[in-house]
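Hi,

Here is the structure I said I would pass on. Have a look at it first, and then read my notes underneath.

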Amino acid sequence: MSTTSRPAVPEVSAFDRALTSMDPASRQMAQRGRDLGLEMVWDRYQAQQPQCGFGSLGLCCTVCNLGPCRIDPFGQGPRQGVCGATAEVIAARNLLRAAAAGSACHSDHGRHMAHALKEVAEGGATAYRISSVERLSKVAREYGVAVDGRPKEKIALELAEKMLAEFGRQEGDGVLAARAPRKQQEIWKKHGITPRGIDHEVVEGIAKTHMGVDNDAANLLKSAMRVGLADGWGGSMIATDVSDILFGAPEPVRGRVNLGVLKEREVNIVVHGHVPLLSEVIVAATREPELISLAKEKGAEGINLAGICCTANEILMRRGIPIAGSFLQQELALATGVVDAMVVDVQCIMPALGQIASCFHTKLISTDPRAKFPGMEHIELVEKDALPIARTIVRRAVENFPNRNGARKLIPSETMDLVAGFTTENVFYNLGGRFRATYRPLNDAIMAGRIRGVAGVVGCDNPKNKSGGSHVEMVKELIRNDVLVVQTGCSAIACAKAGLLKPEAALEYAGRGLREVCEAVGIPPVLHTGSCVDNTRILTACVEMVREGGIGTGIDELPVAGAAPEWYSEKAIAIGWYVVASGIFTVFGTPLRVHGSPAVEKYVTEELAGMVGGAWAFEPDPVQGARLMIEHINRKREALKLAPMMYQ
Amino acid sequence: MNGMLSIDVSRCVSCKTCELECAIAHSEAGTLFAILAAGEKAQRRIVVEPAGQLSVPLQCRHCEDAPCVAVCPTQAMHRNGQDFPVLVDDARCIGCHACIAVCPFGVISKSRMGKAVVKCDLCVRRLAQGQQPACAAGCPTHAIRYTTPEEVAREARRRSAESFLVAVERGSTR
């Protein structure tokens with residue numbers, strides 16, 4: 001018998017794979033969910049196998065009603081859509097659409113924050129206040145707002161209006177693009193990708209993907225860069241700036257993470273989503289004596305607040321509120337049976353939550369007019385009445401406490417300590433000491449070969465990969481090789497659970513050079529810099545490294561690299577684009593959907609490097625991914641003629 | 001071995017996942033991305049054929065009195081016994097394409113690698129490992145199922161009996 005047939009390998013289910021790679025608390029709760037008969041993300045992933053090959057390769061086009069069309073990747077079937085679009089055009093259009101959706105998501109978050117700043121400045125949203133005048137003044141100057149001698153409300157109002165104008169800007173370049181090093185600005189200008197109005201880029205990007213508009217893959221991909229840059233040096237950056245102004249610039253803070261932060265004897269409220277306008281007022285409401293005494297009346301010992309996803313990162317960074325878990329732990333948190341209310345706003349909230357919650361007493365509450373869920377109670381957060389609304393939400397949770405089903409409760413014991421709260425600004429102090437507020441020590445440590453370079457490891461967790469485990473493996477490999485790691489989002493949560501965000505982690509996991517720096521300065525080898533919009537902190541930290549001098553005249557020359565080893569969302573695609581277009585080599589754990597078009601694949605993995613300095617690499621193995629980043633950093637060190645590593 | 005692929009055309013949504021999964025299962029590289037990386041000319045043994053409003057996944061029926069086996073001058077097209085699938089022995093095939101000419105379903109193709117012909121082998125290696133044929137395993141709507149002729153007949157009888165019952169009940173209430 002001679003027909004070729006690939007030897008069949010027994011496949012490991014996504015669930016079993018997750019059990020071998022997740023943290024112990026997640027393992028325990030995933031098993032618990034299975035015992036209770038819950039259908040969870042791993043089961044749904046398995047049910048989707050095999051996932052559509054045309055879609056995975058970017059070869060499925062649903063843009064117009066001549067289609068839907070798909071291109072045969074093996075060259076036997078159709079090579080063009082009905083309109084004549086080739087694999088190149090279809091893959092590029094799809095990628096641009098995804099980037100535009102991601103950029104839209106972050107930027108809408110930024111707009112929401114800017115609106116809130118305006119309301120606060122006008123005296124309307126009394127639950128919030130201008131917490132950081134220093135940050136307000138610094139940002140206001142960048143927008144050309146007069147600062148000296150003016151009341152903070154006046155400054156904030158003018159700034160908020162100018163920020164909002166950035167979204168609808170019809171002419172000229174975006175204000176925040178000017179934060180980038182001159183070299184990046186020149187590169188963007190040369191290729192015609194300097195971000196303009198934030199909404200303009202998203203709208204133009206989508207317009208270009210309509211049938212019969214842009215039919216040149218390279219020109220479409222340039223727009224993907226521009227739409228990404230409008231996020232990183234636009235919408236997301238505004239979100240971070242306003243959050244710092246309203247809620248205070250983070251300072252290093254101790255916290256705890258993992259499902260064990262849920263408490264058996266207290267009312268557990270879990271906030272889940274992204275925009276801190278909700279979570280911040282919930283924090284305030286849970287601390288009100290009246291609600292705490294109501295909780296005691298209901299038989300609880302108090303009110304315990306914890307977070308999931310990036311809203312958790314926001315209130316961890318500024319308030320030290322514990323994190324219950326990452327994206328993939330949202331269902332597991334419900335499976336504990338002790339979440340009295342899960343309060344959600346926008347982004348990354350699984351539609352499955354309603355089904356899982358229906359097996360428990362948990363009350364799900366949606367709060368944002370953009371995001372409604374069948375079966376969830378909707379209590380809309382209106383900024384001007386934020387505190388009374390937050391009180392109502394907390395009251396709902398407290399009143400739900402007596403409805404817990406004792407037989408269905410199970411809280412894993414695991415928690416882990418961590419330090420978070422690092423920013424572009426406060427790293428000055430951590431690295432330079434209070435009297436040397438400068439990036440000089442970081443640049444010196446890199447130049448001397450004590451620190452090899454800096455890596456940003458960010459993004460989601462995904463059942464396709466190791467359900468969070470990839471982050472831990474990648475980051476361990478990086479710090480072992482003296483690469484200082486900065487993190488955001490669910491990647492930071494994954495590494496926090498593994499103990500990598502404790503200062504002691506330097507002793508256990510870091511290479512000798514990095515360990516010396518961490519010990520001298522008193523920082524962990526892995527710095528948590530916030531939520532996914534706070535990836536902009538990583539951009540501005542790169543700007544400071546360039547400004548300090550000695551390790552390159554542009555971000556593209558710095559010995560740095562980026563990674564999203566378990567990315568899943570369109571937001572990650574937008575982030576990837578702005579990081580790459582800012583000159584940073586970036587490893588994704590699973591590929592962008594480009595492999596159906598060799599030309600598009602070559603563009604994103606090779607040609608971009610010649611244009612903007614950054615490019616993508618796709619590597620599913622997290623340790624191999626780390627090796628790619630280390631090799632890239634080594635090449636940059638060589639190009640800069642830096643000293644050999646101190647302790648090879 | 002007495003399996004067969006049963007097709008429910010009413011469930012086929014023309015997604016062509018079966019075509020991709022078939023080509024991948026019979027490739028050297030083994031995965032979608034590896035095939036593209038290697039530039040391998042992977043080849044499907046199943047084709048989703050449009051027929052009016054419907055789409056019909058077509059592959060070798062492994063006929064009992066198979067014209068392709070009968071016509072093959074070198075016995076390259078063969079069957080290892082009753083109830084076994086019809087297979088091609090590449091080493092014996094001289095590429096005369098007589099089998100392609102006589103196949104009533106048009107499901108034998110020239111090899112893209114310039115070697116012999118290719119056709120559905122019922123994924124015999126996957127079956128030996130306890131797995132379903134790739135097309136059936138991959139079909140998201142279960143339009144393609146790996147089953148037995150007896151089971152197909154049994155299901156048809158059950159449906160027939162149920163409709164008979166409905167007719168009798170209607171008659172009795174008249």
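Below is what I found, going from the overall fold to one helix pair and then to the chain contact.

Keep in mind that this is a predicted model.

I started with chain A as a whole. Its secondary structure comes to 26 helices and 16 strands. The radius of gyration is 24 Å, close to the 26 Å that the globule rule gives for 648 residues, so chain A is as compact as a globular protein of that length. If you want a feel for the dimensions, the C-alpha atoms of chain A fill a box of roughly 75 × 65 × 55 Å along the principal axes. Of the 648 residues in chain A, 60% are buried. As for contacts in chain A with a separation of 6 or more, 75% of them come from residues 24 or more positions apart.

One helix pair in chain A is worth pulling up on your screen: H5 (residues 87–121) and H10 (residues 217–247), whose axes come within 8 Å and cross at roughly 20°. An angle under 35 degrees counts as roughly parallel, so that is what H5(A) is to H10(A). The crossing of the two is left-handed. Where H5(A) meets H10(A), the contact has 22 nonpolar, 12 polar and 3 charged residues.

Then there is the partner chain. On the chain A side, 19 residues are in contact with 31 residues of chain B. Sorted by class, the side of chain A that touches chain B has 8 nonpolar, 9 polar and 2 charged residues.

Cheers

Key:
Residues numbered from 1 in each chain as written. Chains lettered and ligands numbered in written order. Predicted model: local features only at pLDDT ≥ 70, side-chain atom pairs only at ≥ 80, totals over all residues. Helix = DSSP H or I, 4+ residues; strand = E, 2+ residues; numbered from the N terminus. Rg over C-alpha atoms; globule rule 2.2 N^0.38 Å. Buried ≥ 20, exposed ≤ 12 C-beta atoms within 10 Å, placed from the backbone. Contact = placed C-beta atoms within 7 Å. Axes fitted to C-alpha atoms, helices over the stretch in contact; angles between N-to-C directions. Parallel < 35°, antiparallel > 145°, perpendicular 65-115°, else oblique. Left-handed = near helix turned anticlockwise from the far one by under 90°. Nonpolar A, V, L, I, M, F, W, Y, C, P; charged D, E, K, R; others polar.
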